[in-house]
Amino acid sequence: MRSLLVGGQTHVFPVSKNSHSLGIPSSVSVCGRGKILNSIQLIHHPELIPKHVAIIMDGNRRWAKARGLAVQEGHRFLTPNLKKICNVSSKLGIQFLTAFAFSTENWSRSKEEVDFLMQLFEEFFEEFLRFGVRVSVIGGRSELPLTLQKGIELTEEATKANEGLHLMMALNYGGHYDMLQATKSIASKVKDGLLQLEDINNTLFEEELSTKHAKFVKPDLLIRTGGEQRISNFLLWQLAYSELYFTKTLFPNFGEEAFKEAILSFQRRHRRFGGHTY
């Protein structure tokens with residue numbers, strides 16, 4: 001059970017258990033676990049649904065290599081899997097989804113892989129033109145191919161009036177870069193007399209970050225697929241009090257049920273933000 005204070009009253013909700021606490025053995029296939037998890041109901045109370053979910057989509061290369069395939073084959077799951085995640089997010093009432101697609105460090109990969117990813121991103125934005133969610137991009141655009149920049153601009157313009165889920169794609173993004181640019185912008189405004197030192201606070205700083213257009217700048221939940229347990233220079237400021245969920249599931253295998261399992265984990269946690277609830 002989980003208690004929740006809403007409107008000055010304490011409400012108690014039955015909390016669904018994850019696959020391990022349900023006694024589902026690890027030997028059960030992903031498909032089999034998915035069928036079992038279908039019987040688990042998420043709590044559809046607004047206070048227990050994250051408003052903003054961030055996801056590090058890791059494991060594409062390992063998925064491909066384990067099957068003797070070129071790494072590009074793992075990356076091809078970007079569009080279909082994000083569509084699945086967007087669909088379930090919309091049904092649950094999640095308002096923002098930020099996906100880490102390409103970091104400032106990913107340029108060090110082979111030219112063949114980088115070129116493939118740039119083409120894949122162009123196809124992604126063309127596909128999401130008519131998908132029904134609002135799409136925007138955070139990160140340094142000027143280094144991206146011109147055709148990709150135009151595709152991003154077209155998709156952002158075409159989807160800006162879409163209501164419901166807002167998908168933010170992090171392309172050529174790095175948390176260090178994000179915070180440095182925010183700092184430089186504030187310093188420039190102080191230098192020009194537009195701001196005083198006393199004006200600088202958390203709210204002002206967040207207005208200079210690349211996520212400033214999101215209604216909820218700070219993700220409630222960060223999901224990382226692929227088994228690694230680090231945040232890899234992603235949303236460093238914004239993730240200060242986010243709940244972290246790491247799964248060994250590689251992103252090509254990460255679908256609707258795996259996403260629901262992450263939300264279940266979030267619903268079982270007690271967020272204190274530095275305070276206490278006891």
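Reader: Which residues in H5 meet Thr 147, Leu 148, Gly 151, Ile 152 and Thr 155 in H6?

Author: This is a predicted model, in which local features need pLDDT of at least 70 and side-chain atom pairs count only at pLDDT 80 or more, while totals for chains, interfaces and linings use all residues. Residues are numbered from 1 along each chain as its sequence is written, and side-chain values use heavy atoms, with hydrogens and water left out. H6 is a helix (a DSSP run of H or I, at least four residues, numbered from the N terminus) that spans residues 146–159. In contact (heavy atoms within 4.5 Å) with the listed residues of H6, the H5 residues are Met 118, Phe 121, Glu 122, Phe 125 and Glu 126.

Reader: Into which classes do the residues of the contact of H5 with H6 divide?

Author: Ala, Val, Leu, Ile, Met, Phe, Trp, Tyr, Cys and Pro count as nonpolar, Asp, Glu, Lys and Arg as charged, and the others as polar. The contact of H5 with H6 is made up of five nonpolar, three polar and two charged residues.

Reader: How are H5 and H6 oriented to each other?

Author: Their axes (lines fitted to C-alpha atoms over the stretch in contact) give an angle from 0 to 180 degrees between N-to-C directions. H5 and H6 pack at about 20°, with axes 9 Å apart, and H5 passes H6 in a left-handed crossing (near helix turned anticlockwise from the far one by less than a right angle; right-handed if clockwise). Angles under 35 degrees count as roughly parallel. H5 and H6 are therefore roughly parallel.

Reader: Which residues of H5 meet Leu 78, Thr 79, Leu 82 and Lys 83 in H4?

Author: H4 covers residues 78–92, and its axis comes within 10 Å of that of H5, at a crossing of roughly 40°. H4 passes H5 in a right-handed crossing. The contact of H4 with H5 holds five nonpolar, one polar and two charged residues. On the side of H5, the partners are Leu 120, Phe 121, Phe 124 and Glu 127.

Reader: How does H4 lie relative to H9?

Author: H9 runs over residues 256–267, and the axes of H4 and H9 come within 9 Å and cross at roughly 45°. An angle counts as oblique if it is not under 35 (roughly parallel), over 145 (roughly antiparallel) or 65 to 115 degrees (roughly perpendicular). The crossing angle therefore makes H4, relative to H9, oblique.

Reader: Which residues of H9 meet Ile 85, Val 88, Ser 89 and Leu 92 in H4?

Author: H4 passes H9 in a right-handed crossing. The contact of H4 with H9 consists of five nonpolar, one polar and two charged residues. From H9, the residues are Glu 256, Phe 259, Lys 260 and Ile 263.

Definitions and conventions. Helices (H or I, at least four residues) and strands (E, at least two) are DSSP runs, numbered from the N terminus.
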